[in-house]
Amino acid sequence: MKKLFKSIIATMLIAVLAISALGTETAQAAETPVIKITFNKKSVNLKVADTGVKETKYKTLRKKLGKATTINKEGSEDADYYYINYIWKKGKSQFSYNRESFSSGNYYSVRIQDKNVSICGVTKGTKADKAKKAFEKAGAATVNKDENFINADFGEGSNIQCTLKNGKIVEIYAALYY
């Protein structure tokens with residue numbers, strides 16, 4: 001009976017050690033930097049890659065944010081040239097998804113001038129130090145801060161720029177290329 005009891009305890013101890021060793025490695029490997037944009041109390045996550053952010057299709061954006069407030073189109077996607085701009089507006093802030101056929105100028109743009117929209121948890125009125133930490137946590141390659149501006153670079157021309165006044169954010173503009 002004692003041998004059976006000892007072997008069960010030993011097996012359980014080995015199982016606990018194996019599970020704890022697997023758990024830490026898996027958690028570290030699964031971390032992918034994400035830029036979270038909250039618009040009108042709904043949010044969308046844009047994954048950050050080495051070449052900027054990864055594209056999220058309009059269909060997904062529509063499902064998460066609702067129908068775009070404005071849609072501007074020139075040409076069709078089958079033609080040699082086309083341009084599509086989907087814009088979501090709320091108050092003084094807006095989020096847009098832009099696609100072009102003639103260049104690699106496909107990007108998301110975010111302009112925040114009130115508290116209706118946030119990016120990485122940062123909105124108008126956020127303190128500069130808190131914003132800097134939020135951009136670093138989101139995976140920005142570099143975050144530069146001076147008296148009047150914060151610039152967070154996410155690679156390949158994708159960046160977030162914040163205008164500061166008295167140590168707080170008064171406006172945010174982001175151009176996130178994919």
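Trainee: Which residues does S118 touch, not counting residues up to four places away in sequence?

Mentor: In this predicted model, S118 touches K36, I37, T38, I112 and T123. S118 itself sits in strand β8, residues 117-119.

Trainee: What makes S118 buried or exposed?

Mentor: Buried means under 20% relative accessible area. S118 has 15%, so the residue counts as buried.

Trainee: And K41, how do you know whether to call that one buried or exposed?

Mentor: Exposed means over 50%. K41 comes in at 84% relative accessibility, so it is exposed. You'll find K41 in the loop between β1 (34-39) and β2 (42-49). Have a look at its backbone too: phi is positive, about 65°, although K41 is not a glycine.

Trainee: Where is N166, which also has a positive phi?

Mentor: N166 is in the loop between β11 and β12. Its phi is about 55°, and N166 is not a glycine either. That loop belongs to the hairpin of β11 and β12, with two residues between the strands.

Trainee: Why is N166 called exposed?

Mentor: The cut-off is over 50%, and N166 has 76% relative accessibility, so exposed is the right word.

Trainee: What about the hairpin of β10 and β11, which residue takes a positive phi there?

Mentor: G155, with phi near 90°. That hairpin has five residues between the strands.

Trainee: How do you know that β10 and β11 pair?

Mentor: Pairing takes at least two bridges. Five bridges join β10 to β11, which run antiparallel. One pair to check is D153, whose bridge partner in β11 is N159. On β11 and β12, the count is seven bridges, again in the antiparallel sense. There, N159 stands opposite A175 in β12.

Trainee: What is the strand order in the eight-stranded sheet, and why is it called open?

Mentor: The order is β4-β5-β6-β7-β12-β11-β10-β9, with antiparallel pairing. As for open, look at the edges: β4 (70-75) and β9 (142-145) each pair on one side only. The twist averages 10° from one strand to the next.

Trainee: How many bridges join β4 to β5?

Mentor: Six, and the two strands run antiparallel, with β5 covering residues 82-90. Among the bridge pairs, I71 has Y86 as its partner in β5.

Trainee: Which strands does helix α2 touch?

Mentor: Helix α2 (residues 58-65) packs on the sheet and touches β4, β5, β6 (93-100) and β7 (107-112). Its direction makes about 10° with that of β5. Helix α3 (residues 128-137) lies across β9, β10 (149-153), β11 (159-165) and β12 (168-177). It runs at about 170° to β9. Overall, the protein chain has three helices and 12 strands.

Trainee: Staying with β11, what makes L164 buried or exposed?

Mentor: L164 is found in strand β11. Its relative accessible area is 6%, set against a cut-off of under 20%, so L164 is buried. Leaving aside neighbours within four places in sequence, L164 is in contact with A128, D146, E147, N148, F149, I150, I169 and V170. Along the chain, L164 and G125 are 39 residues apart, while their C-alpha atoms are separated by 9.1 Å.

Trainee: How do you know that C120 is in no disulfide?

Mentor: A disulfide needs cysteine sulfur atoms within 2.5 Å. The sulfur of C162 is 9.3 Å from the closest cysteine sulfur, in C120, so it is too far for a bond. The structure holds zero disulfides.

Trainee: Are C120 and C162 buried or exposed?

Mentor: Buried: C120 has a relative accessible area of 14%, and C162 has 1%. Under 20% is what buried takes.

Trainee: Which residues touch the most other members of the largest nonpolar core?

Mentor: I35, I37, W88, I119, F135, I160 and L176, out of 42 residues in that core. Nonpolar side chains tend to be buried together in soluble globular proteins. Try L176: leaving out residues up to four places away in sequence, the residues L176 touches include I35, I37, I119 and I160.

Trainee: What share of the protein chain is buried?

Mentor: Buried residues make up 37% of the 178 residues. The protein chain exposes about 11300 Å², with carbon and sulfur atoms supplying 52% of that area.

Terms used. Residues are numbered from 1 along each chain as its sequence is written. This is a predicted model: local features need pLDDT of at least 70, side-chain atom pairs count only at pLDDT 80 or more; totals for chains, interfaces and linings use all residues. Side-chain values use heavy atoms; hydrogens and water are left out. A nonpolar core is a set of buried Ala, Val, Leu, Ile, Met, Phe, Trp, Tyr and Cys residues joined through side-chain atoms within 4.5 Å. Buried means under 20% relative accessible area, exposed over 50%, partly exposed in between (1.4 Å probe, protein chains only). Contact means heavy atoms within 4.5 Å. Helices (H or I, at least four residues) and strands (E, at least two) are DSSP runs, numbered from the N terminus. Accessible areas come from the Shrake-Rupley method with a 1.4 Å probe; for residues, only the protein chains shown count as cover. Axes are lines fitted to C-alpha atoms, for helices over the stretch in contact, and angles run from 0 to 180 degrees between N-to-C directions.
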